[in-house]
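Colleague: Could you take a close look at one part of this model for me, the aromatic side chains? I'd like to hear how the rings sit against one another and what lies around them.

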Amino acid sequence: DSIEQLANQFLHPLDDTRLHPDVYHRNNWAIKIAIDALERLEDSSRDKESFGIKALRDVIDNSQSEVERLFKDTKHEWEVHYGPTFDVAAWDPRVNVPADFWKDKVEELDLDAFANMIEESGVGKWNSHLKMIKWEFRLPYEDPRKPMLPLSGESLFKLITGETDQTLRPGKEVTGKVVKNGDFGSRVKLEGDIPAFIPLRSLADEHVEAAEDIVNVGTVVTAIITEVKKDHFTVDMSLRMEDFRKGQLSWQRPPSLDPLDVCFDTAAAQKIELEKSKERETRLEALQLKFGPAKLGEDGTKKSVGKISRRACAHPAFRNARNDEVNKELKEGGDEMVGEALIRPSNKHSDCLAVHWLVKTGSIKIIEVNEEEKDT
């Protein structure tokens, strides 16, 4: 008996959708929307229920055909510009298709006005339900919620830092503060507490013995991004002038960004890049003076600056150290160090030494010694 009862049950077209029965059983609003969209007139001689069901099926077919048309047009247009890279799973007609592009029957209705009429009649606010009816006609049984996906390195990096490939990518200049110098380079903290790293080889165009020779802890540096390591939550950067002089088009474009349009005017972009070269060179000269390893001397020769050239020297008073480190050693020696002197490589150029002489307690005189005609 129960099987016969189930066999005789009538399944409404909207029974297995997300719509509440109030909008198509008790109030028949879904049927009214379907009939109005198709511009059909109700005939008292017809079976109203069958007439309404037929209108529902027809308007659903019309809306689904429109979804199929929009999908094909969007896919075709994408492939014309970018090749066969269209992401079918990411296409969402609720988001990706503007209202003006929809040509199905239900789009011609003013559901906001219909919702206002219902509200004025004292039944309540049903605007969101009417909009849901329209989308059930177009995408029946489609859950608008996206499935929960495990966070990958890229999505986790974006979630925690708020940065994307558009805001943080190779070739972009960023400013940060040096927080630590190590054997392999300098660790920098960018805005938003994003950790970054400048490898030893990228601190200068020439060979660098130690990171302290170029930057000190607490120094604010402007560097250029060479790689974003999202899985490791860090950014590799460079202070090399060679990297600063590269044009934006020379850096690899992140794959997550849309490819350049086939109509992109590369020549115009290169022209703009050339027009900015003078401004960039001025900025690079300032960086060169601050961090660069070399400049032209009075005699026109290139001399090392801004770094210490470490030397192999067995003299007991010689130190491969910086200015502040040598001064600290002399001061910590107390009165016993008065009259003593320590020698270190000068940071002016490679043919110069700096002699730190403790004249009296707390007073240190530094004497620069130029090395001429020395054996190399």
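Modeller: Sure, and let's start with Phe86, which is buried, with a relative accessible area of 16%. Keep in mind that this is a predicted model. Phe71, on the other hand, counts as partly exposed because its relative accessibility is 23%, and the cut-off for buried is under 20%.

Those two residues belong to the seven aromatic pairs that turn up when the whole structure is searched. The ring centres of Phe71 and Phe86 are 5.9 Å apart and the planes meet at 65 degrees, so we call the pair edge-to-face; the angle has to be over 60 for that. As for where they come from, Phe71 is part of helix α3 (residues 48-82), while Phe86 sits in the loop between α3 and α4 (93-96), so the pair ties together parts 15 residues apart in sequence.

The two Phe rings also have company: Phe71 and Phe86 form one aromatic cluster together with Trp78, Tyr82 and Trp91.

Elsewhere among the aromatics, have a look at Arg138. This residue lies over the face of Trp102, 3.8 Å from the ring centre, and also over the face of Trp135, at 4.8 Å from that ring's centre.

For the wider setting, the protein has 11 helices and 10 strands, and 35% of its 376 residues are buried, Phe86 being one of the buried residues. The protein exposes about 24200 Å², with carbon and sulfur atoms supplying 51% of that area.

Key
Residues are numbered from 1 along each chain as its sequence is written. This is a predicted model: local features need pLDDT of at least 70, side-chain atom pairs count only at pLDDT 80 or more; totals for chains, interfaces and linings use all residues. Side-chain values use heavy atoms; hydrogens and water are left out. Helices (H or I, at least four residues) and strands (E, at least two) are DSSP runs, numbered from the N terminus. Buried means under 20% relative accessible area, exposed over 50%, partly exposed in between (1.4 Å probe, protein chains only). Accessible areas come from the Shrake-Rupley method with a 1.4 Å probe; for residues, only the protein chains shown count as cover. Rings of Phe, Tyr and Trp (its six-membered ring) pair if their centres lie within 6.5 Å; planes under 30 degrees apart count as stacked, over 60 as edge-to-face and the rest as tilted. A charge sits over a ring if NZ of Lys or CZ of Arg is within 6 Å of the ring centre and within 35 degrees of the ring normal.
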